[in-house]
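User: Please take a close look at a local strand pairing in this protein, and then follow the description outward to other parts of the fold. A connected account in terms of pairings, contacts and ring geometry would be most useful.

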Amino acid sequence: MATYKGIQGYKIDAISADPTVQQVGQIWYNTTDGALRYSATGAWASITSTPTGRQAEYTMGTATAMLIAGGNPPETNTSTEWDGSSWAAGGSMANTIYNGGACGTQTAGLRFGGYIPGPGHSNSSESYNGTSWASTNNLPGTVESNGGAGISTSAMSAGGSAPGGLSNTNSCQFTGTCWNAAPTLNHSYSSGGALGDSATSALTAGGTPGQAPPGQKGMQEFNGTAWASIAALLLEGRMRTAGIGGSTAAIMASGANADPAQGNTIVTAESWNGTSWSSIASITITGVANCGGSTEATAASHMIVGGVTAPAATPGAAQVYTDIKTVTSS
């Protein structure tokens, strides 16, 4: 008689938390929840839209506890919290700002860099404790369109564009107290997807045309000492995409394959297992650029929110992706 291990190649494990990387058909018992679960082909589902549509907002947290802050239009310093079923107002930032890097959770979040109407590119940084924002030590230089990875006490800011619009190879690390210059990127980067678990484990993927050859598909990795290009490539060139997750379990969803002002938004999505990318279900709403996503690497589901569709609509739509199912009886 065939066994599950013989068919699938692995046994049914009893573990305290759902695994961050699953194979379709894998089964496990979650001892914390007392539930038998399995990994199925994933799908996106629409959830309640945000009260106000935004693009280029800062996003952090999980699919059941997410924070969005800033964004435009109109430019704002407000933030909004998601509890898994509804949106509610959060604290207001000191700056009216958008289009920078972010990481962390709804109760321990960090946003850095961005664009402030009037002054322009910013080196400001603020942390969120679940109730209010507080200014932190500034970045070494002014930047927008920078990538953000890590957690609120160990973060990486990668690339971005400086005044004048030129992308750069700068990176810097946050220790929980100060931002410090870090090794330069292997190639210039802005407006792509940034992923990672900490200031010493980060990735960039895609970016604006000419930055991530071939065809906006290239990746580079920081190992704690230096940045280097890696052989793995995105399946589709992307910019202004939602980069969701960490160094070994992540998703890139929607975005644009060229200048989003020209209407080249896409609906496809792909997942990262630490080695390579594979296609997953496409989002079921119109393709969005400048969208945000959940940042928690170990979440059982992932979320994208906001963004802009061609030519300039900001609908505030949100979707959740999950590939974990619970075995139930009827």
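Analyst: Ala269 has Ile280 of strand 23 as its bridge partner. The model in which this pairing appears is a predicted one. The two strands involved are strand 22, covering residues 269–272, and strand 23, covering residues 277–280, and they run antiparallel with four bridges between them. The hairpin that they form has four residues between the strands, and within it Gly274 adopts a positive phi near 100°.

Antiparallel pairing recurs elsewhere. Strand 16 pairs in this sense with strand 17 (residues 201–205) over five bridges, and Ser198 finds its bridge partner in Ser201 of strand 17. These strands belong to an open sheet of four strands, ordered 16-17-18-19 and antiparallel in its pairing. Strand 16 (193–198) and strand 19 (227–230) are the edge strands; each has a single partner strand, so one side of each lacks a neighbour in the sheet. From one strand to the next, the twist averages 20°.

Another open sheet has four antiparallel strands in the order 4-5-6-7. Its edges are strand 4 (58–61) and strand 7 (87–89), and because each has a single partner strand, one side of each is without a neighbour in the sheet. The average twist between successive strands is 20° here. Strand 6 (residues 79–82) pairs with strand 7 in the antiparallel sense over three bridges, and Trp82 stands opposite Trp87 of strand 7.

Trp82 also leads to Gln106, whose side chain reaches the backbone oxygen of Trp82 at 3.0 Å. A polar atom of the Gln106 side chain lies 2.8 Å from the backbone oxygen of Met66 as well. Gln106 itself is located in the loop that joins strand 8 (101–104) to strand 9 (109–116). Is this loop residue buried or exposed? Its relative accessibility is 14%, and because the cut-off for burial is under 20%, Gln106 counts as buried. Setting aside residues up to four places away in sequence, Gln106 touches Gly61, Ala65, Met66, Leu67, Glu81, Trp82, Tyr128 and Gly130. Two of the residues in that list, Met66 and Trp82, therefore offer their backbone oxygens to the Gln106 side chain as polar partners, within the 3.5 Å limit for such a contact.

Tyr128, one of the residues touched by Gln106, introduces the aromatic pairs. Across the whole structure, a search finds eight of them. Tyr128 and Trp133 have ring centres 4.8 Å apart and planes at 40°, so this pair is tilted. Tyr128 and Trp133 are both buried. Phe174 and Trp179 form a tilted pair as well, with 5.0 Å from centre to centre and 35° between the planes. Phe174 is buried at a relative accessible area of 2%, and Trp179 is buried at 5%. Together with Phe112, these two residues are linked by ring pairs into a cluster.

A charge over a ring is found as well. The charged end of Arg111 sits over the ring of Tyr58, at 5.5 Å from the ring centre.

Gly307 is a further loop residue, placed between strand 25 (301–305) and strand 26 (318–326). With a relative accessibility of 0%, Gly307 counts as buried. Beyond its neighbours within four places in sequence, Gly307 is in contact with Arg54, Gln55, Glu57, Val288, Ala289, Asn290, Cys291, Ala313, Thr314 and Pro315. Gly307 and Gly287 are 20 residues apart along the chain, and their C-alpha atoms are separated by 8.9 Å.

Finally, the overall figures place these parts in context. The protein has one helix and 26 strands. Of its 330 residues, 52% are buried. Among contacts with a separation of 6 or more, 47% are made by residues 24 or more positions apart.

Terms used. Residues are numbered from 1 along each chain as its sequence is written. This is a predicted model: local features need pLDDT of at least 70, side-chain atom pairs count only at pLDDT 80 or more; totals for chains, interfaces and linings use all residues. Side-chain values use heavy atoms; hydrogens and water are left out. Buried means under 20% relative accessible area, exposed over 50%, partly exposed in between (1.4 Å probe, protein chains only). A polar contact is a pair of N or O atoms within 3.5 Å; within protein, one must be able to donate a hydrogen and the other to accept it, and residues adjacent in sequence count only if both atoms are side-chain atoms. Contact means heavy atoms within 4.5 Å. Rings of Phe, Tyr and Trp (its six-membered ring) pair if their centres lie within 6.5 Å; planes under 30 degrees apart count as stacked, over 60 as edge-to-face and the rest as tilted. A charge sits over a ring if NZ of Lys or CZ of Arg is within 6 Å of the ring centre and within 35 degrees of the ring normal. Two strands pair if DSSP finds at least two bridges between them. Axes are lines fitted to C-alpha atoms, for helices over the stretch in contact, and angles run from 0 to 180 degrees between N-to-C directions.
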